[in-house]
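Student: Please take a close look at the pockets in this model. I would like to know what lines them.

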Amino acid sequence: AASIPAQAVLEAAAKMLAEAEKPLIITGKGGSSGAPEYFDALAKVAADYAIPVTQVGDPSLPTWVTGIA
């Protein structure tokens, strides 16, 4: 089941995007192979605010960042 981030997390993300000089949304598998409503929401935000989107595979961050081997 999908989880919805806490309101404070959403507000912090919105603030970071609003203040970014060159915003970029980096998504994992959920951005394109998840539920269609996730992709639609992501596409709307990216289009409405002219934010480029890129996708990475699993894991989303390199192991040297996460410490997960």
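Tutor: First, a term. A pocket is an open set of grid points with protein on both sides within 12 Å along at least five of seven lines, and its lining residues have an atom within 4 Å of a point. Note that this is a predicted model.

Start with the largest pocket. Its volume is about 410 Å³. Its lining has 13 residues, and Leu17, Ile25, Ile26, Leu42 and Val45 are the closest to the centre. Three elements each give the lining at least two residues: α1 (7–19), β1 (25–27) and α3 (36–48). The largest share comes from α3, with four residues. By residue class, this lining has twelve nonpolar residues, one polar residue and no charged residue.

Now the second largest pocket. Its volume is about 300 Å³. Eleven residues line this second pocket; Ile4, Pro5, Val9, Leu10 and Ala13 are the closest to its centre. Here α1 and α3 each supply at least two lining residues. The largest share is from α1, which gives five residues. The class split is ten nonpolar, one polar and no charged.

Put the two side by side. Helices α1 and α3 each bring at least two residues to the largest pocket, and each also brings at least two to the second largest. The largest share is from α3 in the largest pocket, but from α1 in the second largest. Charged residues are absent from the lining of the largest pocket and from that of the second largest.

Conventions:
Residues are numbered from 1 along each chain as its sequence is written. This is a predicted model: local features need pLDDT of at least 70, side-chain atom pairs count only at pLDDT 80 or more; totals for chains, interfaces and linings use all residues. Side-chain values use heavy atoms; hydrogens and water are left out. On a 1 Å grid over the protein atoms alone, a cavity is a set of points where a 1.4 Å probe fits but cannot get out, and a pocket is an open set with protein on both sides within 12 Å along at least five of seven lines; lining residues have an atom within 4 Å of a point. Grid points are joined across faces, edges and corners, and a volume is the space filled by probe spheres set on the points. Ala, Val, Leu, Ile, Met, Phe, Trp, Tyr, Cys and Pro count as nonpolar, Asp, Glu, Lys and Arg as charged, and the others, Gly among them, as polar.
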